[in-house]
Amino acid sequence: MNNVIDSQFQSHKSTLNSFILSFNETGDQFGTAERNTIKLFQLNDLTINIKSFKIPNIINQIAYRLFRKSKAQRSFEYASRLRSLDVGTPQPIAYYEFKKALLFKRSFYVSEHLACDLTYRELTRDFNIPNYEAILRAFTKFTFELHEKGINFLDHSPGNTLIKLNNGDYKFFLVDLNRMEFQPMDFEARMKNFSRLTIHQSMVDVMSDEYARLYKKPYDEVYEKMWRYTNEFQQRYHNKKRLKKKLKFWKR
(Lines give C-alpha, C1' and ligand atoms only; values in the text may rest on other atoms or scores of the structure.)
Protein backbone atom coordinates (compact mmCIF):
# COMPACT_ATOMS: atom_id res chain seq x y z
CA MET A 1 0.00 0.00 0.00
CA ASN A 2 1.32 3.40 -1.05
CA ASN A 3 -0.25 6.56 0.36
CA VAL A 4 0.21 10.32 0.49
CA ILE A 5 -1.60 12.29 3.21
CA ASP A 6 -1.96 16.07 3.33
CA SER A 7 0.14 17.63 6.09
CA GLN A 8 -2.99 18.91 7.89
CA PHE A 9 -4.23 15.33 8.32
CA GLN A 10 -1.02 13.48 9.21
CA SER A 11 -2.20 13.07 12.80
CA HIS A 12 -5.16 11.04 11.49
CA LYS A 13 -3.04 8.61 9.49
CA SER A 14 -3.94 5.48 11.47
CA THR A 15 -7.68 6.28 11.27
CA LEU A 16 -7.50 6.97 7.54
CA ASN A 17 -5.58 3.72 7.02
CA SER A 18 -8.29 1.81 8.86
CA PHE A 19 -11.02 3.38 6.70
CA ILE A 20 -9.21 2.27 3.55
CA LEU A 21 -8.43 -1.25 4.75
CA SER A 22 -12.03 -1.81 5.89
CA PHE A 23 -13.62 0.10 2.99
CA ASN A 24 -15.69 -2.83 1.69
CA GLU A 25 -17.31 -3.46 5.09
CA THR A 26 -17.66 0.03 6.56
CA GLY A 27 -18.75 3.55 5.62
CA ASP A 28 -22.03 4.87 4.25
CA GLN A 29 -22.62 4.47 0.53
CA PHE A 30 -23.01 7.79 -1.32
CA GLY A 31 -24.76 7.75 -4.69
CA THR A 32 -24.98 4.78 -7.03
CA ALA A 33 -21.86 2.75 -7.75
CA GLU A 34 -21.75 2.35 -11.54
CA ARG A 35 -17.99 2.31 -12.08
CA ASN A 36 -16.49 3.73 -8.91
CA THR A 37 -17.74 3.53 -5.33
CA ILE A 38 -18.02 6.50 -2.97
CA LYS A 39 -18.51 6.14 0.77
CA LEU A 40 -18.75 8.65 3.61
CA PHE A 41 -16.88 8.36 6.93
CA GLN A 42 -16.67 10.51 10.05
CA LEU A 43 -13.24 11.86 10.97
CA ASN A 44 -14.03 13.50 14.31
CA ASP A 45 -16.43 16.34 13.36
CA LEU A 46 -15.54 16.23 9.66
CA THR A 47 -17.45 14.11 7.12
CA ILE A 48 -15.00 12.77 4.56
CA ASN A 49 -15.60 11.31 1.15
CA ILE A 50 -13.59 8.27 -0.01
CA LYS A 51 -13.76 7.34 -3.68
CA SER A 52 -12.69 3.83 -4.62
CA PHE A 53 -11.72 3.63 -8.29
CA LYS A 54 -12.57 0.51 -10.24
CA ILE A 55 -9.65 -1.86 -10.85
CA PRO A 56 -8.50 -1.05 -14.42
CA ASN A 57 -8.27 -3.57 -17.24
CA ILE A 58 -5.04 -5.54 -17.57
CA ILE A 59 -3.43 -3.14 -20.07
CA ASN A 60 -4.11 -0.16 -17.83
CA GLN A 61 -2.96 -2.10 -14.77
CA ILE A 62 0.46 -2.27 -16.41
CA ALA A 63 0.29 1.35 -17.63
CA TYR A 64 -0.67 2.72 -14.20
CA ARG A 65 1.96 0.57 -12.51
CA LEU A 66 4.83 1.65 -14.76
CA PHE A 67 4.03 4.79 -16.74
CA ARG A 68 0.99 6.78 -15.65
CA LYS A 69 -0.19 8.45 -12.49
CA SER A 70 -3.27 6.82 -10.99
CA LYS A 71 -6.66 8.54 -11.05
CA ALA A 72 -6.44 8.87 -7.27
CA GLN A 73 -3.04 10.57 -7.42
CA ARG A 74 -4.16 12.92 -10.18
CA SER A 75 -7.32 13.80 -8.26
CA PHE A 76 -5.28 14.67 -5.16
CA GLU A 77 -2.68 16.70 -7.03
CA TYR A 78 -5.20 18.52 -9.20
CA ALA A 79 -7.34 19.41 -6.18
CA SER A 80 -4.28 20.86 -4.44
CA ARG A 81 -3.40 22.86 -7.54
CA LEU A 82 -6.96 24.15 -7.97
CA ARG A 83 -7.05 25.36 -4.39
CA SER A 84 -3.70 27.11 -4.87
CA LEU A 85 -5.34 28.93 -7.80
CA ASP A 86 -8.31 29.91 -5.62
CA VAL A 87 -10.71 27.56 -7.44
CA GLY A 88 -13.40 25.82 -5.40
CA THR A 89 -13.02 22.09 -4.80
CA PRO A 90 -13.38 19.97 -1.65
CA GLN A 91 -10.29 19.84 0.59
CA PRO A 92 -7.97 17.05 -0.61
CA ILE A 93 -6.93 14.78 2.27
CA ALA A 94 -5.07 11.76 0.88
CA TYR A 95 -4.73 9.15 -1.81
CA TYR A 96 -3.96 5.44 -1.54
CA GLU A 97 -2.72 2.93 -4.10
CA PHE A 98 -2.43 -0.86 -4.03
CA LYS A 99 0.08 -2.44 -6.39
CA LYS A 100 1.17 -6.02 -7.01
CA ALA A 101 4.40 -6.91 -8.85
CA LEU A 102 3.99 -5.33 -12.31
CA LEU A 103 0.27 -4.65 -11.92
CA PHE A 104 -1.73 -1.76 -10.48
CA LYS A 105 -4.84 -2.71 -8.50
CA ARG A 106 -7.07 -0.46 -6.39
CA SER A 107 -6.77 3.23 -5.64
CA PHE A 108 -8.67 5.60 -3.36
CA TYR A 109 -9.04 9.38 -3.22
CA VAL A 110 -9.94 10.91 0.14
CA SER A 111 -11.41 14.41 0.41
CA GLU A 112 -13.71 16.54 2.50
CA HIS A 113 -17.39 15.80 1.80
CA LEU A 114 -19.01 19.03 0.68
CA ALA A 115 -22.75 19.48 1.13
CA CYS A 116 -24.24 21.61 -1.66
CA ASP A 117 -27.58 23.16 -2.59
CA LEU A 118 -27.48 22.12 -6.26
CA THR A 119 -25.32 20.60 -8.92
CA TYR A 120 -25.23 21.94 -12.47
CA ARG A 121 -27.28 18.86 -13.42
CA GLU A 122 -30.36 20.31 -11.69
CA LEU A 123 -30.10 23.37 -13.93
CA THR A 124 -30.51 21.08 -16.96
CA ARG A 125 -33.67 19.52 -15.50
CA ASP A 126 -35.56 22.24 -13.64
CA PHE A 127 -35.92 25.65 -15.28
CA ASN A 128 -38.07 26.90 -12.39
CA ILE A 129 -35.26 27.04 -9.84
CA PRO A 130 -35.37 30.50 -8.18
CA ASN A 131 -32.90 32.94 -9.77
CA TYR A 132 -32.23 30.35 -12.47
CA GLU A 133 -30.68 32.69 -15.03
CA ALA A 134 -28.51 34.44 -12.43
CA ILE A 135 -27.10 31.07 -11.33
CA LEU A 136 -26.44 30.01 -14.92
CA ARG A 137 -24.68 33.29 -15.66
CA ALA A 138 -22.61 32.96 -12.48
CA PHE A 139 -21.65 29.43 -13.54
CA THR A 140 -20.57 30.78 -16.94
CA LYS A 141 -18.44 33.41 -15.21
CA PHE A 142 -16.91 30.66 -13.05
CA THR A 143 -16.04 28.68 -16.19
CA PHE A 144 -14.60 31.80 -17.84
CA GLU A 145 -12.36 32.33 -14.81
CA LEU A 146 -11.16 28.70 -15.06
CA HIS A 147 -10.22 29.35 -18.68
CA GLU A 148 -8.47 32.61 -17.81
CA LYS A 149 -6.35 30.67 -15.29
CA GLY A 150 -5.44 28.07 -17.92
CA ILE A 151 -7.57 25.30 -16.39
CA ASN A 152 -9.11 22.92 -18.91
CA PHE A 153 -11.46 20.67 -16.91
CA LEU A 154 -11.90 17.81 -19.35
CA ASP A 155 -14.83 16.32 -17.41
CA HIS A 156 -16.78 19.58 -17.34
CA SER A 157 -20.13 17.76 -17.31
CA PRO A 158 -23.43 18.25 -15.44
CA GLY A 159 -22.68 16.25 -12.30
CA ASN A 160 -19.19 17.58 -11.69
CA THR A 161 -19.91 21.10 -10.44
CA LEU A 162 -21.43 21.56 -6.97
CA ILE A 163 -23.24 24.83 -6.27
CA LYS A 164 -23.76 26.67 -2.98
CA LEU A 165 -26.37 29.42 -3.25
CA ASN A 166 -25.10 31.48 -0.28
CA ASN A 167 -27.80 34.20 -0.44
CA GLY A 168 -27.07 35.12 -4.03
CA ASP A 169 -23.27 34.93 -3.73
CA TYR A 170 -23.07 31.73 -5.75
CA LYS A 171 -20.09 29.44 -5.08
CA PHE A 172 -18.96 26.63 -7.39
CA PHE A 173 -16.85 23.58 -6.57
CA LEU A 174 -15.36 21.07 -9.01
CA VAL A 175 -15.38 17.33 -8.30
CA ASP A 176 -14.27 14.22 -10.22
CA LEU A 177 -10.94 15.82 -11.00
CA ASN A 178 -8.75 13.12 -12.52
CA ARG A 179 -8.92 14.50 -16.10
CA MET A 180 -7.57 18.03 -16.28
CA GLU A 181 -5.01 20.05 -18.23
CA PHE A 182 -3.26 23.25 -17.22
CA GLN A 183 -2.35 25.36 -20.23
CA PRO A 184 -3.40 28.57 -22.00
CA MET A 185 -6.77 28.08 -23.72
CA ASP A 186 -7.63 29.56 -27.10
CA PHE A 187 -11.17 30.38 -28.21
CA GLU A 188 -11.79 26.94 -29.75
CA ALA A 189 -10.69 25.09 -26.60
CA ARG A 190 -12.87 27.35 -24.44
CA MET A 191 -15.98 26.73 -26.53
CA LYS A 192 -15.32 22.99 -26.74
CA ASN A 193 -15.17 22.92 -22.93
CA PHE A 194 -18.92 23.70 -22.84
CA SER A 195 -19.86 20.80 -25.14
CA ARG A 196 -20.83 18.25 -22.45
CA LEU A 197 -22.92 20.52 -20.27
CA THR A 198 -26.40 20.56 -21.79
CA ILE A 199 -28.61 19.58 -24.69
CA HIS A 200 -30.81 22.69 -24.25
CA GLN A 201 -30.41 25.50 -26.74
CA SER A 202 -31.90 28.00 -24.27
CA MET A 203 -29.05 27.31 -21.81
CA VAL A 204 -26.43 27.66 -24.53
CA ASP A 205 -28.05 30.97 -25.50
CA VAL A 206 -27.64 32.37 -21.95
CA MET A 207 -24.13 30.97 -21.48
CA SER A 208 -23.04 32.34 -24.88
CA ASP A 209 -24.40 35.79 -24.03
CA GLU A 210 -22.56 35.88 -20.69
CA TYR A 211 -19.31 34.44 -22.06
CA ALA A 212 -19.32 36.85 -25.01
CA ARG A 213 -19.69 39.76 -22.58
CA LEU A 214 -16.78 38.54 -20.43
CA TYR A 215 -14.53 37.55 -23.34
CA LYS A 216 -15.39 40.69 -25.31
CA LYS A 217 -16.30 38.74 -28.42
CA PRO A 218 -19.48 39.04 -30.56
CA TYR A 219 -22.38 36.99 -29.20
CA ASP A 220 -23.09 35.39 -32.60
CA GLU A 221 -19.55 34.05 -32.84
CA VAL A 222 -19.59 32.61 -29.32
CA TYR A 223 -23.06 31.09 -29.74
CA GLU A 224 -22.23 29.49 -33.09
CA LYS A 225 -19.14 27.74 -31.72
CA MET A 226 -20.66 26.72 -28.40
CA TRP A 227 -23.79 25.28 -30.02
CA ARG A 228 -21.81 23.54 -32.76
CA TYR A 229 -19.52 21.78 -30.28
CA THR A 230 -22.56 20.84 -28.17
CA ASN A 231 -24.23 19.22 -31.17
CA GLU A 232 -21.04 17.44 -32.22
CA PHE A 233 -20.63 15.97 -28.74
CA GLN A 234 -24.25 14.79 -28.68
CA GLN A 235 -23.81 13.16 -32.08
CA ARG A 236 -20.72 11.26 -30.92
CA TYR A 237 -22.44 10.29 -27.68
CA HIS A 238 -25.50 8.82 -29.43
CA ASN A 239 -23.37 7.09 -32.06
CA LYS A 240 -21.42 5.44 -29.27
CA LYS A 241 -24.62 4.31 -27.55
CA ARG A 242 -25.95 2.82 -30.78
CA LEU A 243 -22.67 0.97 -31.32
CA LYS A 244 -22.78 -0.44 -27.78
CA LYS A 245 -26.32 -1.72 -28.37
CA LYS A 246 -25.22 -3.47 -31.56
CA LEU A 247 -22.26 -5.06 -29.81
CA LYS A 248 -24.47 -6.29 -26.97
CA PHE A 249 -26.88 -7.76 -29.54
CA TRP A 250 -24.09 -9.76 -31.21
CA LYS A 251 -22.84 -10.96 -27.83
CA ARG A 252 -26.28 -12.40 -27.10
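The exercises below work through a sheet, its helices and three single residues.

The model is predicted, so that local features need pLDDT of at least 70 and side-chain atom pairs count only at pLDDT 80 or more, while totals for chains, interfaces and linings use all residues. Residues are numbered from 1 along each chain as its sequence is written, and side-chain values use heavy atoms, with hydrogens and water left out.

**Exercise 1. The sheet**

Determine the strand order of the open sheet and follow the pairing from β2 to β6.

Solution. Strands (E, at least two residues) and helices (H or I, at least four) are DSSP runs numbered from the N terminus, and two strands pair if DSSP finds at least two bridges between them. On that basis the open sheet has six strands in the order β1-β5-β6-β4-β3-β2, with antiparallel pairing. The edge strands, each paired on one side only, are β1 (2-5) and β2 (28-29).

Next, β2 is joined to β3 (residues 37-43) by two bridges in an antiparallel arrangement, and Asp 28 stands opposite Leu 40 of β3. Leu 40 in turn stands opposite Asn 49 in β4, within an antiparallel pairing of β3 and β4 that extends over seven bridges. These two strands, β3 and β4, form a hairpin with two residues between them, and Asn 44 in the turn has a positive phi of about 55 degrees.

Finally, six bridges join β4 (residues 46-53) to the antiparallel β6 (residues 103-112), where Ser 111 is the bridge partner of Asn 49.

**Exercise 2. Helices on the sheet**

Establish how α2 and α3 lie relative to the strands.

Solution. Axes are lines fitted to C-alpha atoms, for helices over the stretch in contact, and angles run from 0 to 180 degrees between N-to-C directions; contact means heavy atoms within 4.5 Å. Helix α2 (residues 58-66) lies across β5 (92-100) and β6, and runs at about 70 degrees to β6. Helix α3 (residues 71-84) packs on the sheet, where it touches β1, β4, β5 and β6, and its direction makes about 160 degrees with that of β5.

**Exercise 3. A helix pair**

Describe the packing of α5 against α7 and classify its angle.

Solution. Helix α5 (residues 132-148) and helix α7 (residues 201-215) pack at an angle of about 50 degrees, and their axes are 9 Å apart. This makes α5 oblique to α7, since angles under 35 degrees count as roughly parallel, over 145 as roughly antiparallel, 65 to 115 as roughly perpendicular and the rest as oblique.

The residues that meet include Phe 144 and His 147 in α5, and Tyr 211 and Leu 214 in α7.

**Exercise 4. Three residues**

Which of the words buried, partly exposed and exposed applies to His 147, to Arg 228 and to Leu 102?

Solution. Buried means under 20% relative accessible area, exposed over 50%, and partly exposed in between (1.4 Å probe, protein chains only). His 147, in helix α5, has a relative accessible area of 1% and is therefore buried; beyond its neighbours within four places in sequence, His 147 is in contact with Met 185, Arg 190, Asn 193, Phe 194 and Tyr 211.

Arg 228, found in helix α8 (residues 219-251), has a value of 30% and is therefore partly exposed.

Leu 102 belongs to the loop between β5 and β6, and its relative accessible area of 57% makes it exposed. Not counting residues up to four places away in sequence, Leu 102 touches Gln 61, Ile 62, Arg 65 and Leu 66.
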